[in-house]
Amino acid sequence: VGVTTGIDLHGVFFNMQFKGDNEKLRGSVLLLGGGIGWTGSLALDLLINSCANVHIGTILSPHHLQMAGCSAYSTEERSNLTTTIEVYHLSDYNVNIIQQRGPVLKNHNSSFASELAQWAKEMNVKEVVFLLSVDATRRIDQQLIGSQNRVCFSKNHPREENSPWKPLEQETFSMHLRSSAFPFKFLCECNENGVPLMLVNRFCSEGNNLPDSAELASCFANVFLFSEDPETQKTFTLRAPPSWK
């Protein structure tokens, strides 16, 4: 009996694996989301449901709590199966979205961060963007007013000098990006592998984070979707997926 590469006889995956269209990934912007109240992931829901897209693959990961359910988007058949990590390509843009439904398992942050960064490098993605919600209760005085968005970059990122957002205040870096958490470890791995990473952070609290998710989705769209064709912004509308009802 043949055994699939990367799986032992008990069905346990050794490493994360992407099962899908590699060519769609090359030279693209890779978009992730997460954080407090899953606000970043909700922003991805909005972008996927609001843009023409195609499902290009699934990431099989031993580092996540596994789940399965029916399709979450109006752009797909309701009977389609959704698993823990799915990858969608925005048809009108050079953007691929990794939508993660299950959390990273305890003590697996380092392993997943390392494998994801190495995979992004192997796929030769142009850059990675991480829409991340961070704890609003840890803000300092100067973060209480004005824009609630902050950004931080991997080393030598080409967008750093012309960023539309304020940089995350250095004195709060360790509070919002804890050294044991996945975003920090992923940032370190991207630095190690030379993968350009932009972390777009929004201060949030647990609760109704739908307005914050819309803000994050709009921030990404304004910079990455409409920058070359501002006219498209006039007709673009964020649409909540059926799974939100």
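**Ile48, leaving aside its neighbours within four places in sequence, is in contact with Asn53, Tyr73, Thr75, Tyr88, Ile97 and Gln99.** Contact here means heavy atoms within 4.5 Å. This is a predicted model, in which local features need pLDDT of at least 70 and side-chain atom pairs count only at pLDDT 80 or more, while totals for chains, interfaces and linings use all residues. Residues are numbered from 1 along each chain as its sequence is written, and side-chain values use heavy atoms, with hydrogens and water left out. Ile48 sits in helix 1 (residues 39-50); helices (H or I, at least four residues) and strands (E, at least two) are DSSP runs, numbered from the N terminus. With a relative accessible area of 0%, Ile48 counts as buried; the cut-offs are under 20% for buried and over 50% for exposed, with partly exposed in between (1.4 Å probe, protein chains only). Leu216 lies 168 residues from Ile48 along the chain, and 13 Å separate their C-alpha atoms.

**Gly34 is a buried residue of strand 2.** Strand 2 covers residues 29-35, and the relative accessible area of Gly34 is 7%. Without its neighbours within four places in sequence, the contacts of Gly34 are Gly40, Ser41, Phe130, Leu131, Leu132 and Ser133. Phe182 is 148 residues away from Gly34 in sequence, yet their C-alpha atoms are 9.8 Å apart in space.

**Nine strands line up in an open sheet with mixed pairing.** Following the sheet across, the order is 1-3-6-7-2-8-11-9-10. Two strands pair if DSSP finds at least two bridges between them. The edges are strand 1 (17-20) and strand 10 (166-167), each of which pairs on one side only. The chain has 5 helices and 11 strands in its secondary structure.

**Strands 6 and 7 run antiparallel.** Strand 6 spans residues 85-90 and strand 7 spans residues 95-100, with 6 bridges joining them. If you would like one pair to look for, Glu86 has Gln99 of strand 7 as its bridge partner. Gln99 also turns up among the contacts of Ile48.

**Strand 9 (residues 149-153) is mostly covered, with 5 of its 5 residues buried.** In a regular strand the side chains alternate between the two faces of the sheet. Here, Asn149, Val151 and Phe153 point one way, Arg150 and Cys152 point the other way, and all are buried. Which strand joins strand 9 by 5 bridges? It is strand 11 (residues 197-204), and the two run antiparallel; Cys152 has Leu199 as its bridge partner there. Strand 10 pairs with strand 9 in the parallel sense over 2 bridges, and Val151 has Pro167 of strand 10 as its bridge partner.

**Strand 11 is covered on both faces.** On one side lie Leu197, Leu199, Asn201 and Phe203, on the other Met198, Val200, Arg202 and Cys204, and all are buried. That amounts to 8 of the 8 residues of strand 11. Strand 8 (residues 127-135) pairs with strand 11 in the parallel sense over 8 bridges, and the partner of Val134 in strand 11 is Phe203.

**Asn107 and Asn156 are exposed loop residues with positive phi.** Most residues other than glycine have a negative phi. Phi of Asn107 is about 70°; this residue lies in the loop between strand 7 and helix 2 (109-122) and has a relative accessible area of 71%. Phi of Asn156 is near 55°; this residue belongs to the loop between strand 9 and strand 10 and has a relative accessible area of 76%.

**The chain as a whole gives the setting for these close-ups.** Its radius of gyration is 18 Å, which agrees with the value near 18 Å for a compact globule of 245 residues; this radius is taken over C-alpha atoms, and the globule rule is 2.2 Å times the number of residues to the power 0.38. The C-alpha trace spans about 60 × 40 × 35 Å along its principal axes. Of the 245 residues, 48% are buried. Among contacts with a separation of 6 or more, residues 24 or more positions apart account for 75%.
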